[in-house]
Amino acid sequence: MSSRIAFLKGHGTENDFVILPDPDNALDLSPAAVAALCDRRAGIGGDGVLHVVRSAAHPEARAMAAEAEWFMDYRNGDGSVAEMCGNGTRVFARYLQHAGLAAEGDLAIATRGGVKKIHIAKDGDITVGMGKARLPEGDVTVSVGERSWPARNVNMGNPHAVAFVDDLADAGDLLSPPPFSPAAAYPDGVNVEFVVDRGSRHVAMRVHERGSGETRSCGTGACAVAVAAARRDGADPAVTGAPATYTVDVPGGTLVITERPDGEIEMTGAAVIVAEGEIAADWLESVAG
């Protein structure tokens with residue numbers, strides 16, 4: 001391992017990430033090392049790690065290399081591997097632009113959830129093509145304390161349970177994963193969104209992200225919320241033939257989500273690089289486990 005390991009710090013609507021440029025996939029990132037990097041007191045601090053690797057250099061992404069040069073090897077704050085992170089994809093794209101590896105306009109990024117189409121606008125906002133939502137059948141319930149709510153099961157490449165509540169405070173502290181049932185609905189755990197209405201096609205949410213706890217924003221979660229709200233409101237674009245656009249307020253800002261009649265979902269929001277520096281390699285080795 002090199003004695004000088006470059007990193008950057010970025011956020012998308014305050015969903016924050018440690019960015020590790022590693023084109024040749026040379027870093028051995030153990031779950032313990034990732035968790036240490038994301039520790040907000042003893043590490044750099046972040047909701048997750050964006051490991052930046054050329055698709056051709058990563059065994060999980062080689063099959064996507066012809067479509068997307070770069071692979072977002074995303075890790076949750078606890079070190080676990082995740083399929084996809086919507087806000088992370090925007091920050092990943094902003095890093096590529098920052099590093100001179102991408103320009104304004106269109107590009108593609110490989111993720112474990114497939115190749116994502118990105119557009120970097122002149123005004124700075126970044127739009128991510130999030131793919132189509134899947135709506136598994138079956139009733140789901142989420143709970144906080146003694147209270148329970150029905151939830152919509154929405155899969156955005158990762159699993160979500162969306163519950164509409166009267167007050168965002170109903171979600172409690174979200175320090176631990178809200179219990180859900182049936183257990184078979186989410187064998188690998190779930191991201192849970194609690195949602196209130198703010199106006200016409202305008203909602204606000206809080207989220208417990210699987211492996212990270214409550215975060216200031218969740219891009220796939222905002223998409224899941226918009227889809228669940230559209231179905232609740234009778235605004236299924238596949239039925240109406242018209243796009244459905246929802247404004248979704250998250251604690252860290254605002255995202256705009258559009259579902260098209262063909263089912264494709266687009267998420268638009270800000271992404272910011274806030275710092276760059278170097279990690280002490282001996283420290284990273286000492287915490288790698």
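**Cysteines, backbone exceptions and a pocket**

The sulfur of Cys-223 lies 8.7 Å from the closest cysteine sulfur, which belongs to Cys-218, and that is too far for a bond. The model is a predicted one, and the distances and angles given here are computed from it. Cys-223 is also buried, since its relative accessibility is 0%.

Cys-218 turns up again when Cys-85 is examined. For Cys-85 the closest cysteine sulfur is the one in Cys-218, at 6.6 Å, again too far for a bond. Cys-85 is buried as well, with a relative accessible area of 4%. A disulfide requires two cysteine sulfur atoms within 2.5 Å, and by this rule the count is 0 disulfides. Neither the 6.6 Å from Cys-85 to Cys-218 nor the 8.7 Å from Cys-223 to Cys-218 meets that cut-off.

The backbone comes next. Most residues other than glycine have a negative phi, and most peptide bonds are trans. Several places in this model depart from that pattern.

One of them is the peptide bond between Ser-181 and Pro-182, which is cis, with omega at about 0°. Pro-182 sits in the loop between β11 (180-181) and β12 (191-199).

Further along the chain, the loop between β12 and β13 (202-209) holds Arg-201. Arg-201 is not a glycine, yet its phi is positive, at about 50°. With a relative accessibility of 36%, Arg-201 counts as partly exposed.

Asn-25 also has a positive phi without being a glycine; the value is near 60°. Its place is in the loop between β2 (15-21) and α1 (31-38). Asn-25 is partly exposed at 23% relative accessibility, because the buried class takes in residues under 20%.

The last topic is empty space. Rolling a probe the size of a water molecule over the atoms shows where such space is left. In this model the largest pocket has a volume of about 160 Å³. Its lining is made up of 13 residues, and those closest to the centre are Lys-117, Val-128, Gly-129, Glu-264 and Glu-266. Three strands, β6 (114-120), β7 (126-132) and β17 (264-269), are the elements that give two or more residues to this lining. The largest share, 5 residues, comes from β6.

What is the chemical make-up of the lining of the largest pocket, in nonpolar, polar and charged residues? The division is 4 nonpolar, 4 polar and 5 charged. Glycine is counted among the polar residues, so Gly-129, one of those closest to the pocket centre, falls in that class.

Notes: Residues are numbered from 1 along each chain as its sequence is written. This is a predicted model: local features need pLDDT of at least 70, side-chain atom pairs count only at pLDDT 80 or more; totals for chains, interfaces and linings use all residues. Side-chain values use heavy atoms; hydrogens and water are left out. On a 1 Å grid over the protein atoms alone, a cavity is a set of points where a 1.4 Å probe fits but cannot get out, and a pocket is an open set with protein on both sides within 12 Å along at least five of seven lines; lining residues have an atom within 4 Å of a point. Grid points are joined across faces, edges and corners, and a volume is the space filled by probe spheres set on the points. Helices (H or I, at least four residues) and strands (E, at least two) are DSSP runs, numbered from the N terminus. Buried means under 20% relative accessible area, exposed over 50%, partly exposed in between (1.4 Å probe, protein chains only).
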